[in-house]
Amino acid sequence: MAAFQERVFSGVQPTGNLHLGNYLGAIKRFVELQDRYECIYCVVDLHAITQPVSVWGGPKELASNIREVTAAFIACGIDPKAHIVFNQSQVHEHAELAWIFNCIARMGWLNRMTQFKEKAGKDRENASVGLYAYPCLMAADILAYRATHVPVGEDQKQHLELTRDIAQKFNNDFAERIAELGYTDGFFPLTEPLISGPATRVMSLRDGTKKMSKSDPSDYSRINLTDDADAIAQKFRKAKTDPHPLPADEKELEKRPEAENLVGIYAALADKTPADVLREFGGAQFSTFKNALVDLSVAKLGPIGGEMKRLAQDPGYIDGVLADGAGRAQVIAAPVLQAVKDIVGFVRR
Ligand code: AQP
């Protein structure tokens, strides 16, 4: 790994309804990593269109969602000047590298991907080829920057493992050529997933066994980043719980998914551990705990939602951030793609 410059890459799909899971599992971590790494954060619009148009909403909604995710990045505290923020479709190297990775990855690897199975549902014949090849594009997103670290929620772990498999196979398949061209440790790094903290998998507020998701038809299943104080309060008060008070011991949470979820959310928002939260609230009724959770959530998310709404009024500024970021991203990605082409043996102009 020593031969690779440390660099963080991650992305969020512009598919609407950015929620607390996206924030705690991903965007909050993106913000924290800025002090330690060079960071590249991408609005992955090419990924969004892998679903049917009815899911991502059509051209107007896609453009508006791309701007909304960008606004969320900035509102949460990502600095687009010190780091890079852009949308994927503006840097064609992602799609081009993804094609090469389509030819590296094996059908058997992709057949094991649980996200494809979940998103394709029962009608697999009708799923897009893009949805199936999604993990190869994700590997290209990361490896176009030879990124060493990727902060993601738990649900993306399997895709990150596939990214490592693709990097490893590319390094092996072309080992001789890679060495000839002077790369001593292989060409691609084996990227490390950064998945940690109490909220790597935030669950639905209606069902503690299902992940909080943008596409859940019930708006009561999630806290959206643009929800106002009243909506946040109503959703947490209606959130499913069990009839018992909160336990004092963290082990007991394992059998109580809804309680575990709410404690995890509180812990992540307060930058504490679940054990700290139970020390404070163990023995309390859910009504008491939910009031505290609402106050904390409104204090943390209110300013983010407010700033997102303010930025929504200035699409020119957002588009400028994306164009500037795309230009700077391409400065890194273009030579990586050129080197990949040289390694594979494509003849240059
Ligand atoms: N519930 C979650 N808990 C923790 N992290 C989560 N992430 C998503 N849901 C949760 C993380 O957010 C980042 C961006 O996700 P994405 O928008 O690229 O894709 P997704 O995982 O498909 O998001 P959704 O909300 O679950 O959308 P749908 O409903 O379309 O499936 C990723 O790092 C992800 O891990």
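A polar contact is a pair of N or O atoms within 3.5 Å; within protein, one must be able to donate a hydrogen and the other to accept it, and residues adjacent in sequence count only if both atoms are side-chain atoms. The model is predicted: local features need pLDDT of at least 70, side-chain atom pairs count only at pLDDT 80 or more, and totals for chains, interfaces and linings use all residues. Residues are numbered from 1 along each chain as its sequence is written, and side-chain values use heavy atoms, without hydrogens and water.

Select the ligand. Around the ligand stand 22 residues (each with a heavy atom within 4 Å of it), of which the closest are Asp155, Lys211, Ser213, Lys214 and Ser215. Show aspartate 155: an N or O atom of its side chain is 2.4 Å from a ligand oxygen atom. For the side chain of lysine 211, the corresponding distance is 2.5 Å. The protein buries 96% of the 650 Å² that the ligand exposes when taken alone (Shrake-Rupley method, 1.4 Å probe).

Next, select helix H1 (20–33), a DSSP run of H or I with at least four residues. H1 supplies four residues, the largest share of the shell around the ligand.

Now select leucine 24. Leaving aside neighbours within four places in sequence, leucine 24 has contacts (heavy atoms within 4.5 Å) with Arg29, Ala199, Val202, Ile265, Ala268 and Leu269.

Finally, select helix H14 (residues 286–312), which gives ten residues, the most, to the largest nonpolar core. Such a core is a set of buried (under 20% relative accessible area, 1.4 Å probe, protein chains only) Ala, Val, Leu, Ile, Met, Phe, Trp, Tyr and Cys residues joined through side-chain atoms within 4.5 Å.

Methods
Helices (H or I, at least four residues) and strands (E, at least two) are DSSP runs, numbered from the N terminus.
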